[in-house]
Amino acid sequence: MSKTILVNTFAPPPNAHGENGPEYVGNLRKGELRGIIKINESNCVGCDTCRKVCPVHAISGGLGVIHSIREDACVACGQCLVACPFNAIEQMSFVDEVMKKLDDPNTLVVSHPSPAVRVSVGEEFGAKAGELITEQFVNALEKAGFVCYDVNQTADQTIIEEGMEFVKKIQYWVLGHRGPEVAEAAEHPFPHFTSCCPAWVKNCETYHAGLLPHLSTAKSPVQMGGPIAKTWAAKYVWNKDPRDIYMVATTPCTAKIFEASRPEMNDAWKHLVKTGAIPADTPSFPDIDAVVTAREIAEIFRRKGINPLEMPKTRERGTMEIYTGAGTIFGNSGGVMEAALRTAYFVLSGEELKDPDIKIVRGHTDAIVEATIPVPIKELGGKIFEVRVCVVNGALQGLDTVLRRIEEDKNRYHFIEVMNCPGGCVNGGGQPVRTDSAAWLNPTLPIPMQI
Amino acid sequence: MRKYEYTERQTMAMLGRRGFLKVTGVTALAIGITGYAVVDLLQRRTDVIKARQRGLYKDDKLCQEQNLTNSHQNPSVMRFYADMHTEPVEGLAHDLLHTSYYPRSQLAILRGEH
């Protein structure tokens, strides 16, 4: 039987946000978390595995040398952490803070679980890999004291925003529309890149700054959830003071920890102050208050004595838990693309796709997927427009090749999805680490027999 | 008449023909088994990824059965725009749901510190 491995964590040290330093240090701004992923020097044996899986070559070291991570370069994706055979890489954790908030009766603690968590968290309790336990998981969240606001729903919101953004780009650049509705598209030419993956966003900001105008301005689903929860849901669903809402993103991802600390991610506070919903002197609060990984939500369940696999398998989905198939496939490589195409097809052609499964764009385990999707354009009388799309399945595996192809031919693609982790979020740096997957030397040396 | 005398070379004295076969055989076997185990495990690593992907596609099918296939069919998402009196990518939705990016490599340069 395969087991999951307990990954070591540490609480954020003083000055983790750079709060005592200058406006920026290196390429990190004040407020942004640093040192989210750390190599424990006393556990590192210098096996060099981590250096080979890093998508941005942020790890220094060699065979037999204690490795270290360069903070400015690191995108906090955690691929080194899940790949480390010696469990020597540790992650910054906010579990203690969340546990404290759960005990506070005045605070509405909202768990914001990503798609890929519902197929992985069961593994921590002995379920088979990939077992889908949405209902049991949400029931367990509720028992632990959380209110659930599903990221799958904000993924749908992302598709509405990013899909419409993409449609506007087609209207401006292909159909020749002009006017205030499409004015913004003029500054954002094709190819359109997705912006859901925070590791890819930081990678792009650091190494490919010239591509920033091509990046979708839509926030990632998790970051859309923060402002929606603290404005719309606070008023219309929960009837709660937004200052008493504590958003806990529950993700398969460690880069989300960095993303949540970005100083501009406080749009809920800005809006509430501007509209006078909260006093103008309220200190700024972030949209997402804490991020816990799939491993850590399992840790919270264990501390509370909850086993999600023993929870009831049925559940009536509330307003904040309703989601569509397009939202749930965000966790797979190619999923954002497929979901966006479903909605873009509907808007451009005026009719639903007959077969919604656009299997041709699914990443599975291929590093790069290229496809052409014919879309009949309604306003051109059903004339077919071919949308050329590309899916990068793992930044290390496919990104350089695709970026080189764009340099050679700027018109090659309209829409490019980039997922930092091979396979998509299901293989994220915050997912349970298993003895039968990457951590193949641990805990039985030298030949892994524990399978 | 000189008599032929067979003497093993220095290295052969250390490791005879049979010994040599034994050592190479065992080494080859050890490398083979470990190599197989490693390749097999790397293979299994993608099995875990594939299993989780299958789980999400199963979830997609379950949603499709309830006529929740595309994002614009999500009633809660559409209610947000109605309640907040806004349109996708416009006005309030743009303020709350869109962001901007920073050319990090140039942060130091842009701020005038070199």
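**Helix contacts, odd backbones and a chain interface**

Colleague: Which residue just after α10(A) takes a positive phi?

Modeller: A:Gly305, with a phi of about 70°. Bear in mind that this is a predicted model.

Colleague: Which residues of helix α10 of chain A are the buried ones?

Modeller: In α10(A), residues 294-304, they are A:Ala294, A:Arg295, A:Glu296, A:Ile297, A:Ala298, A:Ile300 and A:Phe301. To be called buried, a residue needs 20 or more other C-beta atoms within 10 Å of its own.

Colleague: What covers the buried residues of α10(A)?

Modeller: The cover includes α3 (95-102), α4 (134-143), β12 (245-251) and β13 (290-293) of chain A.

Colleague: What makes α3(A) oblique to α10(A)?

Modeller: The axes of the two helices cross at roughly 50° and come within 11 Å. An angle under 35 degrees would be roughly parallel and one of 65 to 115 roughly perpendicular. The value falls in neither range, so α3(A) is oblique to α10(A). The crossing is right-handed.

Colleague: Which residues make that contact?

Modeller: From α3(A), A:Val95, A:Val98 and A:Met99; from α10(A), A:Glu296, A:Glu299, A:Ile300 and A:Arg303. By class there are four nonpolar and three charged residues, and no polar ones. A:Glu296 and A:Ile300 of this contact also appear among the buried residues of α10(A).

Colleague: Why is α5(A) called roughly perpendicular to α7(A)?

Modeller: Helix α5 (residues 151-173) and helix α7 (residues 221-236) of chain A pack at about 100°, with axes 8 Å apart. The range for roughly perpendicular is 65 to 115 degrees. The angle lies inside that range, and therefore the term applies.

Colleague: What is the contact of α5(A) with α7(A) made of, by class?

Modeller: Six nonpolar and four polar residues, with no charged ones. On α5(A) they are A:Val151, A:Thr154, A:Ala155, A:Gln157 and A:Thr158. On α7(A) they are A:Pro221, A:Val222, A:Met224, A:Gly225 and A:Ile228. A:Gly225 is in the polar group because Gly counts as polar here.

Colleague: How do you know that A:His57 is exposed?

Modeller: A:His57 has 12 other C-beta atoms within 10 Å. Exposed means 12 or fewer, so A:His57 meets the limit exactly. A:His57 sits in the loop between α1 (49-53) and β6 (59-60) of chain A. Its phi is positive, about 50°, although A:His57 is not a glycine.

Colleague: What makes B:Asn67 exposed?

Modeller: A count of 10 other C-beta atoms within 10 Å. The cut-off is 12 or fewer, so B:Asn67 qualifies. B:Asn67 is in the loop between α2 and α3 of chain B, and its phi, near 60°, is positive in a residue other than glycine.

Colleague: Why is the peptide bond from A:Phe190 to A:Pro191 called cis?

Modeller: Its omega is near 0°. A:Pro191 belongs to the loop between α5 and β11 (192-193) of chain A.

Colleague: How many residues of chain B are in contact with chain A?

Modeller: On the chain B side 51 residues, against 68 residues of chain A. In chain B, α2 (17-65), α3 (75-83) and α4 (91-97) each supply at least two. The most come from α2(B), with 21 residues. The side of chain B that touches chain A divides into 22 nonpolar, 17 polar and twelve charged residues.

Methods. Residues numbered from 1 in each chain as written. Chains lettered and ligands numbered in written order. Predicted model: local features only at pLDDT ≥ 70, side-chain atom pairs only at ≥ 80, totals over all residues. Axes fitted to C-alpha atoms, helices over the stretch in contact; angles between N-to-C directions. Helix = DSSP H or I, 4+ residues; strand = E, 2+ residues; numbered from the N terminus. Parallel < 35°, antiparallel > 145°, perpendicular 65-115°, else oblique. Contact = placed C-beta atoms within 7 Å. Left-handed = near helix turned anticlockwise from the far one by under 90°.
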